[in-house]
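Hi everyone, thanks for making time for this. I'd like to walk you through one model, going from the overall fold down to a few side chains.

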Amino acid sequence: SRFDKSHKDRIVDIKLVQNNQKFIIASKDNTISLWNVNYTLLGAKYCLDSIYCSKVYVDNFKGITSIGIPYEDCDLIVICTSSGNLILFDLQKRIFLADIQAHKYEIPECILLCENNIDEKSFVIITSSLYETGLKFWGCFLRKGGNFDGPIELASFSEMSISGSEL
């Protein structure tokens with residue numbers, strides 16, 4: 001099938017995007033693909049009417065580990081890598097906005113928060129890394145007219161402690 005030929009290695013992450021009309025797949029073969037989904041609800045099952053794929057990223061050096069998407073509908077995704085990089089990608093324009101060294105080691109997951117304002121969209125990316133304790137918070141802005149600023153490190157918490165009563 002066409003799906004089997006789109007990636008040459010196992011899938012490491014899959015997320016629904018753009019109002020659940022598309023999904024994006026990250027593969028161990030260092031590719032990201034974007035799929036358009038048309039589905040109908042038949043009883044309790046979803047049937048895929050048509051699927052197409054277009055490669056949106058090939059990374060031969062960094063090793064994709066996961067993708068982060070905001071909970072709100074937004075065109076920005078974050079690609080996490082085994083070398084500690086964060087790569088920001090615009091799904092609508094299919095362009096890369098930034099590639100930064102966020103950590104020394106692999107970033108297995110991240111959280112992407114989005115806030116829509118009149119003149120800009122602001123984003124906060126929360127990351128952690130293997131072999132490092134703590135969290136980092138990154139900020140970036142997509143301004144009206146398409147200008148992109150960031151990401152810049154907003155805060156870093158190197159020692160995390162949880163206070164409260166023990167069970």
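I'll begin with how the model is to be read, then move to the strands, the cores and some single residues.

What you see is a predicted model, in which local features need pLDDT of at least 70 and side-chain atom pairs count only at pLDDT 80 or more, while totals for chains, interfaces and linings use all residues. Residues are numbered from 1 along each chain as its sequence is written, and side-chain values use heavy atoms, with hydrogens and water left out.

Now the overview. The protein has one helix and 12 strands; helices (H or I, at least four residues) and strands (E, at least two) are DSSP runs, numbered from the N terminus. Reading from the N terminus, the order is α-β-β-β-β-β-β-β-β-β-β-β-β. Of the 167 residues, 41% count as buried, where buried means under 20% relative accessible area, exposed over 50% and partly exposed in between, with a 1.4 Å probe and protein chains only. As for contacts (heavy atoms within 4.5 Å), take those between residues at least 6 apart in sequence: 35% of them join residues at least 24 apart.

Let's turn to the sheet. Four strands form an open sheet in the order β5-β6-β7-β8, with antiparallel pairing; two strands pair if DSSP finds at least two bridges between them. At the edges sit β5 and β8 (95-101), each of which pairs on one side only. From one strand to the next, the twist averages 20°, using axes that are lines fitted to C-alpha atoms (for helices over the stretch in contact) and angles from 0 to 180 degrees between N-to-C directions.

How do the inner strands connect? Five bridges join β6 to β7 in the antiparallel sense, and Ile77 has Phe89 of β7 as its bridge partner. These two strands make a hairpin with three residues between them, and in the turn Gly84 has a positive phi of about 90°. On the other side, β7 (residues 85-90) pairs with β8 over six bridges, again antiparallel, with Asn85 matched to Gln101 in β8. That hairpin has four residues between the strands, and Arg94 takes a positive phi near 55° there.

Strand β7 deserves a moment. Six of its six residues are buried, so β7 is largely enclosed by the rest of the structure. In a regular strand, side chains alternate between the two faces of the sheet. Here Asn85, Ile87 and Phe89 point one way, and Leu86, Leu88 and Asp90 the other.

That takes us to the cores. A nonpolar core here is a set of buried Ala, Val, Leu, Ile, Met, Phe, Trp, Tyr and Cys residues joined through side-chain atoms within 4.5 Å. The largest has 18 residues, of which Val78, Leu86, Leu88, Phe123 and Ile125 touch the most other members. At least two residues of this core come from each of β6 (76-81), β7, β8, β9 (110-116), β10 (120-127) and β11 (135-143). Apart from it lies another core, of 13 residues, including Ile24, Ala26, Ile79 and Leu91. Not counting residues up to four places away in sequence, Leu86 touches a set that includes Val78, Ala98, Ile100, Ile125 and Trp138.

Over at the edge, Thr65 lies in β5 (residues 64-68). Is Thr65 buried or exposed? At 16% relative accessibility, Thr65 counts as buried. A polar atom of the Thr65 side chain is 2.6 Å from the backbone oxygen of Ile107. Beyond its neighbours within four places in sequence, Thr65 contacts several residues, among them Val12, Cys80 and Pro108. Ile64, also placed in β5, is buried with a relative accessible area of 4%.

Last, the cysteines. How many disulfides does the structure hold? Zero, with a disulfide taken as a pair of cysteine sulfur atoms within 2.5 Å. The cysteine sulfur closest to that of Cys110 belongs to Cys80, and at 3.4 Å it is too far for a bond. Cys110 is buried at 12% relative accessibility, and Cys114 is buried at 9%.

That's my tour, and I'm happy to rotate the model for anyone who'd like another look.

Notes: A polar contact is a pair of N or O atoms within 3.5 Å; within protein, one must be able to donate a hydrogen and the other to accept it, and residues adjacent in sequence count only if both atoms are side-chain atoms.
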